[in-house]
Amino acid sequence: MLRPGTVWRAFASHIVRKDLIRGGLPRAFLTTSTTGSFDVIVVGGGHAGTEACSAAARMEARTLLVTQKRSTIGEMSCNPSFGGIGKGHLIREVDALDGVCGRCCDRSGVQYKVLNRRKGPAVWGPRAQIDRKLYKREVQQTLENTPNLTIIEASVEDIVLSKGSEQPRLAGVRLSDGRTITANSLVITTGTFLRGQINIGLETRPAGRIGDEPAIGLAKSIEELGFQLGRLKTGTPPRIHRDSIRFEQLARHPGDDPPVPFSFLNDRVWLQPHLQLDCFLTQTTAQVNDIVLRNLHCNRHVTEELTGPRYCPSIESKILRFGHKQHQIWLEPEGFDSELIYPNGLSCTLPADEQVQLVRCLQGLEQAEVVRPGYGVEYDFVDPRELLPTLETKRVRGLFLAGQINGTTGYEEAAAQGLLAGANAAANALSRTQLTVSRTESYLGVLVDDLTTLGTNEPYRMFTSRAEFRLSLRPDNADLRLTEKGYAMGLVSRERFERTVSIRQRLANATELLRDIKKGSNQWRAAMQLPLAKASVYKSAFEMLAISNDEITTDRVCSVEPTVLGWIKDDPELCQRLKIEALYSLSIEDQSREVEEVLRNEGLRIPDAIDYLSKSLNLSFEEQEKLVKIQPQTIAAASRIQGITPSSIVRLVKYVKQHESISAAA
């Protein structure tokens with residue numbers, strides 16, 4: 001069962017009192033009379049906005065964050081979690097560039113778990129259930145203590161351009177009260193607020209999220225500048241009272257012991273393993289399907305033409321797409337002192353009374369109390385092909401966009417874009433070289449390249465399968481890939497930089513020693529008290545580590561030669577990294593050859609009679625659907641279809657060449 005409510009409340013009370021922001025949000029915040037000039041203005045205090053303003057301020061740009069409500073800075077509008085498969089990679093990369101969300105998660109989580117552990121470390125997904133209130137407080141405290149950052153409560157109505165320049169160039173913003181604030185760079189991170197509209201059943205109301213007004217004037221200003229706008233939709237599930245759920249009937253899923261932190265600066269999270277809260281699993285029933293199907297006539301959000309998130313769809317969309325298949329629903333706590341449970345996978349926009357009936361069809365929730373109904377949100381977004389890889393717009397110099405305004409979905413995707421846009425907005429204002437990241441060096445690079453070259457017609461979400469170089473773009477080495485690059489442009493602190501230089505040097509020294517010490521493989525096995533193999537092959541200590549065997553650990557290998565390698569055993573972080581580096585040392589070379597083969601075969605013609613449903617191609621449902629519909633003629637054309645992953649293109653090349661050989665031999 002969940003831990004008793006009295007324990008939750010007592011524990012949370014201690015935490016909250018200790019971490020209270022005394023006096024609200026003090027010195028970094030100006031009153032609404034603020035005017036003047038800044039290097040960078042950031043509009044929006046969500047996950048993209050907080051990373052953007054923090055990044056710009058770290059680079060010593062005079063930065064202004066404009067938000068409608070100070071109290072909602074760092075708000076988790078939807079799910080109470082960060083990370084996951086692909087998304088955890090992004091959080092690690094944001095942290096490697098000194099972003100704030102990873103460190104705040106390490107100080108506000110209620111459960112930490114690494115997903116996908118049955119597969120290799122390259123596709124592990126660090127994830128945390130988060131206490132909404134604690135996370136928001138951590139973010140607000142972090143911004144409060146950030147030098148060069150000023151925050152005001154206001155609404156931006158118009159983008160002001162400089163006069164007389166050949167290409168449109170940013171000059172500042174005009175607020176709803178008529179005041180103008182000038183700046184060299186502007187980052188817009190409005191999330192779902194651009195002409196946002198909430199839907200519950202047939203009821204609609206203008207809002208960016210429940211209780212917050214949409215950004216109408218700013219949407220018109222962006223449209224008048226000639227930007228290509230589209231419209232997307234998303235949704236959130238109903239919230240359920242914790243005490244009305246029969247947890248004893250459900251499968252319990254605890255956190256990891258020990259919990260793994262997001263930040264490279266942290267050796268452990270703030271929470272002792274035994275104090276983590278549990279998640280629980282239930283699933284839909286045939287009655288859920290019936291309720292959805294008989295209420296389609298009064299569900300505007302689902303029946304309209306707008307595109308919603310493919311990989312986080314509403315329960316209505318799942319039932320319409322997959323028929324009577326059962327769907328998992330994860331019951332996730334929203335915080336230590338919260339009585340709400342978030343049913344992940346149950347996003348819906350049915351009329352409120354029908355949502356109550358739907359929830360009560362789930363096992364363990366027969367008597368559930370729905371505290372707040374789920375709802376859908378429609379909003380405007382800008383075609384991301386309007387952007388440069390720096391996230392600066394092509395139409396207006398000095399104007400940057402980040403987050404859901406670019407057609408993405410998810411806190412992690414927003415945070416990563418916010419950091420990149422904020423850093424480059426500061427670089428633009430300070431006349432420094434801007435930060436660019438390629439798809440060969442980061443998931444952020446993959447995300448930006450996909451968006452700016454392919455665009456998107458549905459909310460874009462990060463997956464490991466989108467990266468060609470995912471074996472080298474791992475969660476464990478994000479600091480080695482990005483931190484020194486960030487430090488060179490003033491984005492990363494000296495403390496983090498020196499820590500990264502230290503681990504890089506220790507890795508290099510240890511790897512060299514491990515490669516130099518060689519023995520017969522059975523000598524190694526005998527020394528480690530492992531079963532002997534039929535044949536003994538001469539191997540280095542590093543090559544022994546490369547064997548995918550949980551019993552061959554860095555600690556055991558180093559114990560064979562304690563005089564030379566003993567110092568490595570005393571460094572747990574180094575031991576873990578060495579094992580992962582060794583595991584992928586050969587696979588990374590194979591991966592590079594596969595990518596080169598795709599590039600060589602871009603002109604390869606795809607036969608008209610190809611069977612995209614073939615099991616040997618192992619394509620996802622989305623990929624099958626798109627390839628069958630579009631029927632690309634060449635490998636290059638297939639690779640440009642949004643949603644077709646690089647790994648699938650590799651398999652497609654091999655499949656076509658294999659069938660060419662069979663046809664030639666016939």
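**Strand β19**

I started with the side-chain directions along β19. Tyr-375, Val-377, Tyr-379 and Phe-381 point one way from the strand, while Gly-376, Glu-378, Asp-380 and Val-382 point the other way. Residues on both sides are buried, without exception. I note here that the model is predicted.

Why do I call β19 largely enclosed by the rest of the structure? The strand covers residues 375–382, and eight of the eight residues are buried, so the rest of the structure largely encloses β19.

Next I looked up which strands join β19. Strand β12, residues 229–236, is joined to β19 by eight bridges, and the two run antiparallel. Within this pair I located Thr-234, whose bridge partner in β19 is Val-377. Strand β10 is also antiparallel to β19, with three bridges between them. Here I found Asn-199 with Gly-376 as its bridge partner in β19.

**Gln-197**

I then went to Gln-197, which lies in β10, residues 197–200. Its side chain makes a polar contact of 3.2 Å with the side chain of Asn-199. I listed the contacts of Gln-197, leaving aside neighbours within four places in sequence. From β19 the list includes Gly-376, Val-377 and Glu-378. It also has Thr-204, Arg-205, Pro-206 and Ala-207, together with Arg-231 and Arg-300.

**Thr-408**

I looked for Thr-408 and found it in the loop between β20 (399–401) and α11 (411–429). Is Thr-408 buried or exposed? Its relative accessible area is 0%, and the cut-off for buried is under 20%, so Thr-408 is buried.

I checked what Thr-408 touches, not counting residues up to four places away in sequence. Tyr-379 is one of the residues touched, and I had already met Tyr-379 as a buried residue of β19. The others are Gly-403, Glu-413, Gln-417, Leu-451 and Tyr-460. I noted two polar approaches of the Thr-408 side chain. One reaches the backbone oxygen of Gly-403 at 3.2 Å. The other is a polar contact of 3.0 Å with the side chain of Gln-417.

I also took one distance. Thr-408 and Gly-226 are 182 residues apart along the chain, and their C-alpha atoms are separated by 21 Å.

**The six-stranded sheet**

I traced an open sheet of six strands in the order β14-β15-β16-β17-β13-β18, with antiparallel pairing. Its edge strands are β14 (251–253) and β18 (370–372), each of which pairs on one side only. On average, neighbouring strands of this sheet are turned by 35° against each other, direction ignored.

I looked more closely at one pair in this sheet. Strand β15, residues 279–283, runs antiparallel to β16, residues 328–333, and four bridges join them. For Phe-280 I found the bridge partner Leu-331 in β16.

**The three-stranded sheet**

I traced a further open sheet, of three strands in the order β3-β5-β4, and its pairing is antiparallel. Strands β3 (81–83) and β4 are at the edges, each pairing on one side only. From one strand to the next the twist averages 15°.

Between β3 and β5 I found three bridges, and these strands run antiparallel. Phe-82 stands opposite Ala-128 in β5.

**Gly-120**

I followed the chain between β4 (109–115) and β5 (125–130), where the loop holds Gly-120. How accessible is Gly-120? Its relative accessible area is 26%, and partly exposed runs from 20% to 50%, so I entered Gly-120 as partly exposed. From Gly-120 to Leu-365 is 36 Å in space, C-alpha to C-alpha, with their positions 245 residues apart in sequence.

**Helices α3 and α13**

Last, I looked up a helix pair. The axes of α3 (residues 87–96) and α13 (residues 478–488) come within 8 Å and cross at roughly 35°. I entered the crossing as right-handed.

Which residues meet where α3 contacts α13? On the α3 side they are Arg-92, Glu-93 and Ala-96. On the α13 side they are Ala-478, Asp-479, Arg-481, Leu-482 and Thr-483. I sorted the residues of this contact by type and got three nonpolar, one polar and four charged.

Key:
Residues are numbered from 1 along each chain as its sequence is written. This is a predicted model: local features need pLDDT of at least 70, side-chain atom pairs count only at pLDDT 80 or more; totals for chains, interfaces and linings use all residues. Side-chain values use heavy atoms; hydrogens and water are left out. A polar contact is a pair of N or O atoms within 3.5 Å; within protein, one must be able to donate a hydrogen and the other to accept it, and residues adjacent in sequence count only if both atoms are side-chain atoms. Contact means heavy atoms within 4.5 Å. Two strands pair if DSSP finds at least two bridges between them. Axes are lines fitted to C-alpha atoms, for helices over the stretch in contact, and angles run from 0 to 180 degrees between N-to-C directions. A crossing is left-handed if the near helix is turned anticlockwise from the far one by less than a right angle, and right-handed if clockwise. Ala, Val, Leu, Ile, Met, Phe, Trp, Tyr, Cys and Pro count as nonpolar, Asp, Glu, Lys and Arg as charged, and the others, Gly among them, as polar. Buried means under 20% relative accessible area, exposed over 50%, partly exposed in between (1.4 Å probe, protein chains only).
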